[in-house]
Amino acid sequence: MADVQATFKARTVQSVLQLHFKDEKTKVNGDALVLTAELLRVFTSAAERAAMQAKKEGSKLVTVEHVEKVLPQLLLDV
């Protein structure tokens, strides 16, 4: 796996969040955007690693077991 870490732009995260707000006037502060972007990064990293684990095991479907196998790696990333 490459050592490149993808990131999410704050503007993109804000746009996605705005799609789900009931009130158009709802705002998201900068800290919330940074936190949400980091959560998205960790989630997508976990999904990618679980998919790689499944592929390594010869499976075309990612299961909970694959996710459980990569969770310790995520703790080391922090």
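Which residues in α3 are buried? They are His66, Val70 and Leu74, and α2 is part of what covers the buried residues of this helix. Please keep in mind that this is a predicted model. The notes below walk through helix α3, a nonpolar surface patch and the salt bridges, of which the structure holds two.

**Helix α3**

- Helix α3 runs over 64-77, and its 14 residues should span 20 Å at 1.5 Å a residue. The C-alpha atoms at its ends are indeed 20 Å apart, in agreement with that expectation.
- There is also a kink to look at: α3 bends by about 35 degrees at Leu71, shortly before the proline Pro72.
- The buried residues of α3 are His66, Val70 and Leu74. An α-helix has 3.6 residues a turn, so residues three or four places apart point the same way.
- Among the elements that cover the buried residues of α3 is α2, the helix that spans 30-56.

**A nonpolar patch on the surface**

- Val62, Val67 and Leu71 make up a nonpolar patch on the surface, and together they have about 200 Å² of accessible area.
- Leu71 therefore appears twice in this briefing, as a member of the patch and as the site of the kink in α3.
- Val62 sits in the loop between α2 and α3. Its relative accessibility is 38%, so Val62 counts as partly exposed.

**Salt bridge within α2**

- Side chains of opposite charge can pair when their charged atoms come close.
- Glu38 and Arg41 form one such salt bridge, with 2.7 Å between the closest N and O atoms.
- Why are Glu38 and Arg41 separated by about one helical turn? Both belong to helix α2, where they are three residues apart.
- Is Arg41 buried or exposed? Arg41 counts as buried because its relative accessibility is 15%, under the 20% cut-off.
- Glu38, in turn, has a relative accessibility of 38% and so counts as partly exposed.

**Salt bridge between α3 and the loop**

- Lys69 forms a salt bridge with Glu57, and here the closest N and O atoms are 2.6 Å apart.
- Lys69 lies in helix α3 while Glu57 is in the loop between α2 and α3, so this pair ties together parts that are 12 residues apart in sequence.
- Lys69 is partly exposed, with a relative accessible area of 45%. Glu57 is partly exposed too, with a relative accessible area of 39%.

Technical notes:
Residues are numbered from 1 along each chain as its sequence is written. This is a predicted model: local features need pLDDT of at least 70, side-chain atom pairs count only at pLDDT 80 or more; totals for chains, interfaces and linings use all residues. Side-chain values use heavy atoms; hydrogens and water are left out. Patches are made of residues with over 30% relative accessible area and no salt bridge: like charges are joined within 9 Å, nonpolar side chains (Val, Leu, Ile, Met, Phe, Trp, Tyr) within 5 Å. Accessible areas come from the Shrake-Rupley method with a 1.4 Å probe; for residues, only the protein chains shown count as cover. A salt bridge is a side-chain nitrogen of Lys or Arg within 4 Å of a carboxyl oxygen of Asp or Glu. Helices (H or I, at least four residues) and strands (E, at least two) are DSSP runs, numbered from the N terminus. Buried means under 20% relative accessible area, exposed over 50%, partly exposed in between (1.4 Å probe, protein chains only). The expected span of a helix is 1.5 Å times one less than its number of residues. The bend at a residue is the angle between axes fitted to the seven residues ending there and the seven starting there. Contact means heavy atoms within 4.5 Å.
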